[in-house]
Amino acid sequence: LRLLCLPDFGGRTLADVDVRLAGDSPAGAVAWVGAALADALQYAHDRGILHLDLKPSNVLIAADGTPMLLDFHLAHPPLSKGDLPPEWLGGTPGAMAPEHAAALDAVRQGRRLPGAVDGRADTYALGRMLRDFLSATGTPATPGLADIFAKCVAPAAADRYARPADLAADLRRHLADLPLWGVRNRSLAERWRKWRRRRPHALAAGLVAAAVVLGLAGVAAHTQRWDRLAEAAQADGAAHLAAGRHAQAAESFRAAEALADGLPWHRDFRAGLREQRQSAGRAAAADELHAFADRLRYATASDALPPALAQAVERECRAVWGRRDDLRRALAGQPDPERRQAWRDDLAEVGTQLARLTRDATASAAIAAEARPLAGPPASGSAWGRVRVGRELLDAGEPVRAAAEFERACRLDPALIWAHYGRGVALLRADDPAGAAAAFTASVALAPDAAWCWYNRGLAERKCGRLDAAAADFARAAELDPDFWLARLELAATHAQAGRPAAVPDRREPLGAE
């Protein structure tokens, strides 16, 4: 009889527990947990193993509070630049280092690796996890801790800690109020506080007064230098904002906040930076939702979707719609009425498409009833209002009337892509391929990088008997979106129809679905 006895460490992960471990402050607890996890990573790296999937759910907190690194099922040896793609490589979107994400794309496309993936990818993921975990508590990181996290998540691997052990050393030095080794100790105020905690009785009253006088001069010089850097980062953010690059603007304002953190006499400046960063972040989130909604509009405006594509679209819609309450909170407060209505239209689009794809009639009706009020009633006198009426007619199976509504929208706003695109779809369903091809030609001119415009024009050209033109359009759609397997399928069918058999590449999931 053989028995296997294993210890029970509990079932709570870092994603489940309060950050205030063992009575520490949140920042201290995060630094302590981070040092322990960095030690675990160093142990794995010394044996040629990368974890490649660091996230709170993969960190077990034992009954005594000890953090334990779990789930090595995506572990992999280090990879070198130029290597052939390995048979498999995994990771969690949003938690990977840039070089890890680039390597994953290369594996999917069968290309050689564009860069090395080594232990610094794990350091990136650990630093990001610690930074986000602390941020979730509402506790600001001290300048030293913020600089440690910034070094971990530097875009270039060469700018990060070389080894997890170096990160662990700096985290422990931070806990012990010692100067940091891996980053500059830029905050005089923080350095002073650490020094005082290490030596609470080191100075007599007179020496303290003298030190304060000398320190003020140093603080003034330090403040002036870092103030200039923070203002430069703020100016970069304003330039990105003016150009509509909201995600880059948010990062620049975040960098300015980090530079200004700890500077005396800058309370109002820091408050302004925080407001600018939050506003840019809301706009960036709205941009991301709009891009997703536009992809839905392109895909779902076409004829009945193939089952695989419909399932992928439904999965993505369900994931976004499941976060609708969080999205409402994150997107509220857009800078102008047009953007305030735009995100509501986009969220309504997600709900509407999910309702159309949901097989359960009761669930579909409930989703549609919740989505419909978000967009509000269509304004009959506006181009977008006519587009919405046209799409409702398309859904009702009346393509001729829908085409007339889309044509009115084109006259009201000739630059509205959705008016021309919807007119092309309606004419294609009304068996007017020549008119549809002309409408999709206008769509291509307005959105030359939209693969679905080229794809639908290819369908119209083929119905007109112009097989060479159709093949060229399908090829262009596949070139614009390498994951657009439907375009490659139609390209092969068109070649076959023209007597030019062509192999169909492996089918890939549409819309970037994982």
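The paragraphs below lead through a predicted model, beginning with its confidence and going on to its cavities and one buried histidine.

Across the protein chain the pLDDT averages 84, and 85% of the residues score at least 70. Confidence is highest in helix α4, which covers residues 143-152 and reaches 95, while helix α7, covering residues 205-242, has the lowest confidence, at a mean of 67. Over residues 19-23 the pLDDT falls below 50, and beyond near neighbours in sequence this stretch has 9 contacts in the model. Residues 504-514 also stay under 50 in pLDDT, and for these residues the model has 32 contacts beyond four places in sequence. Where pLDDT is low, the predicted coordinates should not be read in detail.

With that caution in place, the reader can turn to the enclosed spaces. Rolling a probe the size of a water molecule over the atoms shows where empty space is left. In this model the count comes to 3 cavities of 30 Å³ or more.

The largest cavity holds about 60 Å³ of space. Its lining brings together Leu 52, Asp 53 and Leu 54 with Thr 92, Ala 95, Met 96, Ala 97 and His 100, and is completed by Ala 121, Asp 122 and Ala 125. Helix α3, which spans residues 119-136, supplies the largest share of this lining, with 3 residues. Sorted by class, the lining of the largest cavity consists of 7 nonpolar, 2 polar and 2 charged residues.

The second largest cavity has a volume of about 40 Å³. Among the residues around it are Gly 144 and Leu 180, together with Arg 184, Asn 185, Arg 186 and Ser 187, and the lining also includes Glu 190, Arg 191 and Lys 194. Here helix α6, made up of residues 188-198, gives the most to the lining, again with 3 residues. The classes in the lining of the second largest cavity are 1 nonpolar, 3 polar and 5 charged residues.

A single side chain can be followed in the same careful way, and His 420 offers such a case, lying in helix α16, which runs over residues 417-429. Is His 420 buried or exposed? His 420 counts as buried because its relative accessibility is 14%, and buried means under 20%. When residues up to four places away in sequence are left out, His 420 touches Cys 410 and Pro 414, and also Ala 439, Ala 442, Ser 443 and Leu 446.

Definitions and conventions. Residues are numbered from 1 along each chain as its sequence is written. This is a predicted model: local features need pLDDT of at least 70, side-chain atom pairs count only at pLDDT 80 or more; totals for chains, interfaces and linings use all residues. Side-chain values use heavy atoms; hydrogens and water are left out. On a 1 Å grid over the protein atoms alone, a cavity is a set of points where a 1.4 Å probe fits but cannot get out, and a pocket is an open set with protein on both sides within 12 Å along at least five of seven lines; lining residues have an atom within 4 Å of a point. Grid points are joined across faces, edges and corners, and a volume is the space filled by probe spheres set on the points. Helices (H or I, at least four residues) and strands (E, at least two) are DSSP runs, numbered from the N terminus. Ala, Val, Leu, Ile, Met, Phe, Trp, Tyr, Cys and Pro count as nonpolar, Asp, Glu, Lys and Arg as charged, and the others, Gly among them, as polar. Buried means under 20% relative accessible area, exposed over 50%, partly exposed in between (1.4 Å probe, protein chains only). Contact means heavy atoms within 4.5 Å. pLDDT is the predictor's confidence in each residue, from 0 to 100.
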